Amino acid sequence: MRWNISPILKEGGYDMGIYLNPGNEGFAEALRSEIYVDKTGLIQHTNRYVSTEQKFLCVSRPRRFGKSMALRMLAAYYSCGCDSKQMFTGLKIESIPSFAAHLNRYNVILLNMQHFLIRAKGQSLVEYLERVILQEVRSTYGELFPEQETILAAALEQIYAATGRKFIFLVDEWDCVMRERQESEDLQREYLDFLRNLLKDQPYVALAYMTGILPVKKYGQHSALNMFWEYSMTDQTIFEEYTGFTEDEVRQLCEKYQMDFAETGSWYDGYQFRKFKHVYNPRSVVAAMLSGVFSNYWTSTETYEALKIYMDMDYDGLRGDVVSLVGGGRVAVNTRSFQNDMHSFQTKDDVLTLLIHLGYLGYDAQTREAFIPNWEILEEFENCLSVGGWERVMEVLKASDRLLSDTLRCDGNRVAEGLDRAHTEVASVLTYNDENSLGCAITLAYYSARKEYRIIRELPAGHGFADVVFLPLPFSRKPALVVELKYDKSADAAIQQIKDRRYSQALEGYAGEILLVGVNYDRDNRDKPHSCVIEKLVQNL
């Protein structure tokens, strides 16, 4: 027999809970905030998968990328414990055909696993979690399952059998057990078994949307959650647009708050996917707009310590890759061997893949390369380099202001001397063997230039590719630089190539002074391996 039961009415509204049908106040707070960027288009994608074989979604992102806000939005939309139609009026989802079909039609269970992990303390996490949620479920549906029932999945089965109403599960910080109890394999196994029993092959599940930092695919040999479709920082596919702020969204915010768009990009842009090539850290953009100050809003003790641990890991080639990344280079990464935890590392690729998921590195899925996305993250790397083990690299970074100054004064001899010193400092971790490695070292030596320049490697220009182009940001009054690198040839040959192949055309739309910088590295000249020639060019529109 099916019962026709809905949540209890109180004072003209529905009885809303903490975990079961938590209402829409969380999303209402976002809408009331001074800055709200409409990401309700995400709902059309989750609607596609309701009650289908693709209904299990794990959407992982770095911290401060709007994971919790997305769950509050989904709870407001799906929960039968509230009436949210007016709340979504005028937002993108309202014009989507599936909007009315799923609006406030489901029992929603919203869980923040971080809270449960903290509150369980010495108790069994799973037993505590089931007891607390069952207590709330019983207050609404207690007559539909035995009083002595202690298993959440069993209770939900009986509720569904009686009412025919399915549940949508929204799980925040799903991976906190794996991140914060890294060595507790028994706890992890118990937790994963709980999630599998709660969700897998259960007829009452309409949708399960989990979010965290790590994907779910692998945890040793335990594949409890293999029914989930993964959308992570290595490939967000349909969720690209909702991972952070897009270029258009940030441009509109910059116009509203009178903030420089180019400088905003320099600080917070750089994450990229297959379709959306410019994705910004949303929390940092909001903080910059509200404060009117460009700064590093990722700074915290946890951030610094986490990155420092992984940078210092002793894997062959990892230190050289870190130096290349800080120098603006890209590093090839095999992300497929990563076990999706924070301690089962076998190679440097596993460490680099974790840094991609944590947001410290961007990732180009087409070229399978990692890179440091922006100045905000670069400062985090600099903070780590400044404390122990990286002293020689720090000497290069500290000298970068002087090197830029010598370049702007067209003092080729001083520039060559500066590059010689930089090469000596980083030779132990970064070996020159071609023009590409030379390019990484050069951009590392010009580290501080990133404050006023957009530095572009291998920029299409004229009849070829300019090795390194320094394009001044709009607020900078510095000249542009076009740098050509040679290996065992001559600096004059580098200058001539810039002219012959018209590399200055890479700065189309730029008017003003351009410095042509030719650099050669002579591996047989141990005393003065670098030579440099600098010429001025004035380009008119």
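The legends below accompany an overview and several close-up views of a predicted model of one protein chain.

**Figure 1. The whole chain, with 21 helices and 17 strands.**
The predicted chain has 541 residues, and buried residues make up 56% of them. Taken along the principal axes, a box of roughly 90 × 50 × 35 Å holds the C-alpha atoms. The accessible surface comes to about 23,800 Å², and carbon and sulfur atoms account for 46% of that surface. Among the contacts with a separation of 6 or more, 70% are made by residues that stand 24 or more positions apart in the chain. The side chains include 60 that are positive and 75 that are negative, and the centres of these two sets lie 2 Å apart.

**Figure 2. Strand β5, residues 167–172, and the directions of its side chains.**
Strand β5 is mostly covered, since 6 of its 6 residues are buried. In a regular strand the side chains alternate between the two faces of the sheet. In β5, Phe167, Phe169 and Val171 point one way, whereas Ile168, Leu170 and Asp172 point the other way, and both sets are buried.

**Figure 3. The parallel partners of β5, strands β4 and β6.**
Strand β4 (residues 107–112) runs parallel to β5 and is joined to it by 6 bridges, and within this pairing Ile109 stands opposite Phe169 in β5. Strand β6 (residues 205–212) also runs parallel to β5, and again 6 bridges join the two strands. Here Ile168 of β5 stands opposite Leu207 in β6, while the bridge partner of Phe169 in β6 is Ala208. Phe169 can therefore be followed in both pairings, with Ile109 opposite it and with Ala208 as its bridge partner in β6.

**Figure 4. Strand β6 and its pairing with β3.**
Like β5, strand β6 is mostly covered, and 8 of its 8 residues are buried. Strand β3 (residues 56–60) pairs with β6 in the parallel sense over 5 bridges, and in this pairing Cys58 stands opposite Met210 in β6.

**Figure 5. Helix α10, residues 247–257, with a buried side and an exposed side.**
The buried residues of this helix are Glu249, Val250, Leu253, Cys254 and Tyr257. Because they cover an arc of only 135° around the axis, these residues are on the same side of α10. On the other side of the helix, Asp248, Gln252 and Glu255 are exposed. What do the buried residues of α10 pack against? They pack against strands β8 (245–246) and β9 (279–280), and against helices α11 (261–268) and α12 (282–291).

**Figure 6. Gln258 and Lys121, two loop residues with positive phi.**
Most residues other than glycine have a negative phi. Gln258, which follows α10, has a positive phi of about 55° although it is not a glycine. Gln258 lies in the loop between α10 and α11, where it counts as exposed at 73% relative accessibility. Lys121 is likewise not a glycine, and its phi is positive at about 50°. Lys121 is found in the loop between α5 (113–120) and α6 (125–141), and it is exposed, with a relative accessible area of 73%.

**Figure 7. Helix α1, residues 25–32, and its buried face.**
In this helix Phe27, Ala28 and Ala30 are buried. Seen down the axis of α1, the buried residues fall within an arc of 155°, so they line one face of the helix. The buried residues of α1 pack against helix α3 (67–78).

**Figure 8. Val286 in helix α12 and its contacts.**
Is Val286, a residue of helix α12, buried or partly exposed? Val286 counts as partly exposed, because its relative accessibility is 22% and buried means under 20%. Leaving aside its neighbours within four places in sequence, Val286 is in contact with Ile35 and Phe245. Val286 and Phe475 are 189 residues apart in sequence, and their C-alpha atoms are 21 Å apart in space.

Definitions and conventions
Residues are numbered from 1 along each chain as its sequence is written. This is a predicted model: local features need pLDDT of at least 70, side-chain atom pairs count only at pLDDT 80 or more; totals for chains, interfaces and linings use all residues. Side-chain values use heavy atoms; hydrogens and water are left out. Buried means under 20% relative accessible area, exposed over 50%, partly exposed in between (1.4 Å probe, protein chains only). Helices (H or I, at least four residues) and strands (E, at least two) are DSSP runs, numbered from the N terminus. The arc is that of the directions from the helix axis to the C-beta atoms. Contact means heavy atoms within 4.5 Å. Accessible areas come from the Shrake-Rupley method with a 1.4 Å probe; for residues, only the protein chains shown count as cover. Lys and Arg count as positive and Asp and Glu as negative; His and the chain ends are not counted. The place of a charge is taken as NZ of Lys, CZ of Arg, CG of Asp or CD of Glu. Two strands pair if DSSP finds at least two bridges between them.
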